Amino acid sequence: MPNSNAKLHSNHRGGREASRRELVSRSLQSAQYCLENQDFGTAYAHYLLVLNLAPELKTTVKETFQFTLFKWAEELDSLARVQDLFNCYEQALELYPNDEVICNSMGEHLFRMGFRDEAAGYFHKAVKLNPGFADARENFYRVANWLVERWHFIMLNDAKRNLTYLRAIESAVRSGSKSVLDIGTGTGILSMFAKKAGASFVYACELSKTMYELARDVVAANNMEREIKLLHLKSLDIEIPKDIPERVSLVVTETVDAGLFGEGIVESLIHAWEHLLLQPK
């Protein structure tokens with residue numbers, strides 16, 4: 001009797017496998033037919049079904065799937081079906097999370113629609129996945145030029161300003177401030193000052209996706225990626241202990257503009273005082 005049951009289960013599994021293969025085969029044929037007739041939306045739906053039923057075919061159909069995705073995305077873009085377009089890319093990235101070509105294409109659509117910060121994130125990911133991907137690198141630098149104001153470079157090369165910040169941070173750390181939060185870290189320079197001064201724990205938050213990715217690169221280039229915890233967050237959204245384990249003993253920031261208060265420094269410092277900073281003893 002046990003042998004009979006085992007045979008029954010084996011036959012059942014074999015039948016399901018045969019049905020799966022048949023459905024995958026029919027869907028591939030339908031996808032190809034739709035492509036030949038330039039029905040890209042239906043072809044894309046068939047490829048999604050194929051890849052979900054048969055993940056082992058990902059490598060085989062990758063190029064054709066990409067072509068179908070890009071053609072369908074162009075059509076959705078022309079019809080101003082923005083949400084459907086993004087949904088398609090999200091589905092594609094679930095199937096191919098480390099595909100630099102899909103990431104770059106998603107970034108191009110976002111950039112054209114005005115979502116420059118988000119576009120920079122996808123371009124940066126594409127470059128990280130494939131440093132030799134010239135199109136993605138060019139796209140990242142192009143969007144970075146939009147997002148990083150020229151005054152930022154002048155500020156970073158202001159030796160007097162940098163030395164003043166360094167000395168102030170060193171003084172605070174020597175006085176006992178061993179945990180530091182850098183609000184609006186930008187390139188991460190103040191966080192690195194804090195770590196070099198001897199702070200035990202350094203956290204840095206940055207709302208801009210472009211600047212966050214830039215800070216990651218700068219920190220890594222200085223071999224501090226394990227020493228500084230970078231958060232892609234607005235400081236007002238930081239929660240304890242979800243984002244940082246406990247209140248810090250020092251907050252540093254330079255979230256000021258030419259008019260002093262334009263970047264919301266007052267609100268962020270009030271919030272930090274009430275929720276993120278250790279109260280004075």
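Which helix does S27 lie in? In this predicted model, S27 belongs to helix α1. The views below begin there.

**View 1. S27 is a buried residue of α1.** The relative accessibility of S27 is 4%. That is under the 20% limit for a buried residue, so S27 counts as buried. Its neighbours within four places in sequence are set aside here. Beyond them, S27 is in contact with H46, L49 and V50.

**View 2. Q38 has a positive phi in the loop between α1 and α2.** Helix α1 spans residues 2-36, and α2 spans residues 40-53. Q38 lies in the loop between them. Its phi is about 55 degrees, although Q38 is not a glycine. Is Q38 buried or exposed? Q38 counts as exposed, at 59% relative accessibility.

**View 3. Four charged residues form a salt-bridge network.** The members are E17, R20, R21 and E56. Salt bridges link them in a network. By the rule applied here, the model has 12 salt bridges.

**View 4. Helix α3 is kinked at T64.** Helix α3 covers residues 58-78, 21 residues in total. From first C-alpha to last, α3 reaches 28 Å. The expected value, at 1.5 Å a residue, is 30 Å, and the span of α3 is close to it. The kink is about 35 degrees and is centred on T64. Which residues of α3 are buried? They are V61, F65, Q66, T68, L69, W72, A73 and L76.

**View 5. Helices α3 and α4 pack against each other at about 170 degrees.** Helix α4 comprises residues 82-95. The axes of α3 and α4 are 10 Å apart. The angle makes the two helices roughly antiparallel, because it is over 145 degrees. From α3, the contacting residues are K58, F65, L69, F70, W72, A73, L76 and D77. From α4, they are D84, L85, C88, Y89, A92 and L95. Among the contacting residues of α3, F65, L69, W72, A73 and L76 also appear in the buried set.

**View 6. A80 has a positive phi in the loop between α3 and α4.** A80 follows α3. The phi of A80 is about 60 degrees, and A80 is not a glycine. A80 counts as exposed, with 59% relative accessibility.

**View 7. K128 and D217 join distant parts of the chain.** Their side chains meet in a salt bridge, with N to O at 3.0 Å. K128 sits in helix α6, residues 116-129. D217 sits in helix α11, residues 209-221. The two residues are 89 residues apart. K128 counts as exposed, at 54% relative accessibility. D217 is partly exposed, at 27%.

**View 8. R161 and E254 pair across the sequence.** The closest N and O atoms of this salt bridge are 2.4 Å apart. R161 lies in helix α9, residues 159-174. E254 lies in the loop between β4 (250-253) and α12 (265-275). The pair therefore ties together parts that are 93 residues apart in sequence. How exposed are the two partners? R161 is buried, with a relative accessible area of 11%. E254 is partly exposed, with 23%.

**View 9. E213 and R216 form a salt bridge within α11.** The closest N and O atoms are 3.6 Å apart. How many residues separate E213 and R216 in helix α11? They are three residues apart, so about one helical turn separates them. An α-helix has 3.6 residues a turn, so residues three or four places apart point the same way. E213 is buried, with a relative accessible area of 5%. R216 is partly exposed, with 41%.

**View 10. A cis peptide bond joins I240 and P241.** Omega is about 5 degrees for this bond. Where does P241 lie? P241 is in the loop between β3 (228-231) and β4.

How values were computed
Residues numbered from 1 in each chain as written. Predicted model: local features only at pLDDT ≥ 70, side-chain atom pairs only at ≥ 80, totals over all residues. Heavy atoms only, no water. Helix = DSSP H or I, 4+ residues; strand = E, 2+ residues; numbered from the N terminus. Buried < 20%, exposed > 50% of the residue type's maximum accessible area, 1.4 Å probe, protein only. Expected span 1.5 Å × (residues − 1). Bend = angle between axes of the 7 residues up to and from the residue. Axes fitted to C-alpha atoms, helices over the stretch in contact; angles between N-to-C directions. Parallel < 35°, antiparallel > 145°, perpendicular 65-115°, else oblique. Contact = heavy atoms within 4.5 Å.
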